[in-house]
Amino acid sequence: MATLLLTHPSFIKHDTGPGHPERPDRMRAIDKVLAHEVFRDLKREEAPLREDVREHIERVHPVAYFQKIRESAEHIDHLSHLDPDTVISPGSWEAALRAVGAGLSAVDAVVEGRAANAFCQVRPPGHHAETSVAMGFCLFSNAAIAAHYARAKHRAERVAIVDFDVHHGNGTQEIFWSDRDLFYGSTHQMPLFPGTGALGETGVGNIWNAPLRAGDGGERFREAFESRILPALHNFGPDLLVISAGFDAHQADPLGNLRLVEADYMWVTERLADMAKRHAGGRIVSMLEGGYDLTALAKSVAVHVKTLMDVGA
Ligand SMILES: [Zn+2]
């Protein structure tokens, strides 16, 4: 079965202003690498603007927050800062809705057996957005919304999000904090933005943080997965696995100080696919988070998506 790729030109219209690392060129760099013939068997669909998107966003974010983000985007004719890092522009609203929509439609496709797994090439990213706080370049919690949707729409019982972005997904953690049927596992550099993600932050036994130190590379990263994240994920036994796939732990990335290389992304994708096969019929929805060195981002996404294609074939 094919791997599904969901993306849309509107993601380029989410303007974050000059010099911002979370920039439209990230999409162009990924578009270019995924145009290679190695990826000809990808099933490609547009990240949709769904009529039910608001209903599913509001499973995670309060109505007032949804309205605040919409009004921020609609009532400006230039860039507006929600916080020093998080910028909204007239093009951001459609992009934000389609980023969420990509996750929802990816869940539909893998649960209904129309794709082996899926990668959502989206921006803005989502894992820093808390229930009522936009931060860290994130507006809506794309991955957590997809997880809640899988339960509400498809009656998934247990959904896991595994996050290998260099930053801790404080938003996902906050949203999942007290729900035993949702699992959040994260490797991330610490200390680093946003400051959360300590080992002792465990929710109701469903949060598994594995902080890494500046300078750590593939060996420590793999050890964190093998000793902590993967055993916990195995015990949890998800029936859907969502990946918060950030590629800013790459050694070339300007925002982090970890030293991962493309081979580490292949390794972690394979390990997560093994776990998804054991528990979840192979069902994986991977959603792009960070990754700010364009060359490293493009190469890492290529390795991640190719591995998803190989494990799904
Ligand atoms: Zn990040």
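Trainee: Which residues coordinate the zinc ion?

Mentor: The model is predicted, so local features require pLDDT of at least 70 and side-chain atom pairs pLDDT 80 or more, while totals for chains, interfaces and linings use all residues. Residues are numbered from 1 along each chain as its sequence is written, and side-chain values use heavy atoms, without hydrogens or water. Donors are N, O and S atoms within 2.8 Å of the metal (3.2 Å for Na, K and Ca); water is not among the atoms, so sites may look incomplete. At 2.0 to 2.8 Å, the zinc ion is coordinated through OD (twice), ND1 and OD by, respectively, Asp-165, His-167 and Asp-248.

Trainee: What arrangement do the four donor atoms make around the zinc ion?

Mentor: Four donors count as tetrahedral if all angles lie between 85 and 135 degrees; four count as square planar and six as octahedral if opposite donors are over 155 degrees apart and all others between 65 and 115; anything else is irregular. Here the angles are 52 to 153 degrees, which makes the arrangement irregular.

Trainee: Are Asp-165 and His-167 buried or exposed?

Mentor: Buried means under 20% relative accessible area, exposed over 50%, and partly exposed in between (1.4 Å probe, protein chains only). Asp-165 and His-167 are both buried.

Trainee: Is Arg-155 buried or exposed?

Mentor: Arg-155 has a positive phi of about 55 degrees although it is not a glycine. Its relative accessibility is 72%, so Arg-155 counts as exposed.

Trainee: Which residue does a cis peptide bond join to Arg-123?

Mentor: Most peptide bonds are trans. At this bond omega is about 0 degrees, and the partner of Arg-123 is Pro-124.
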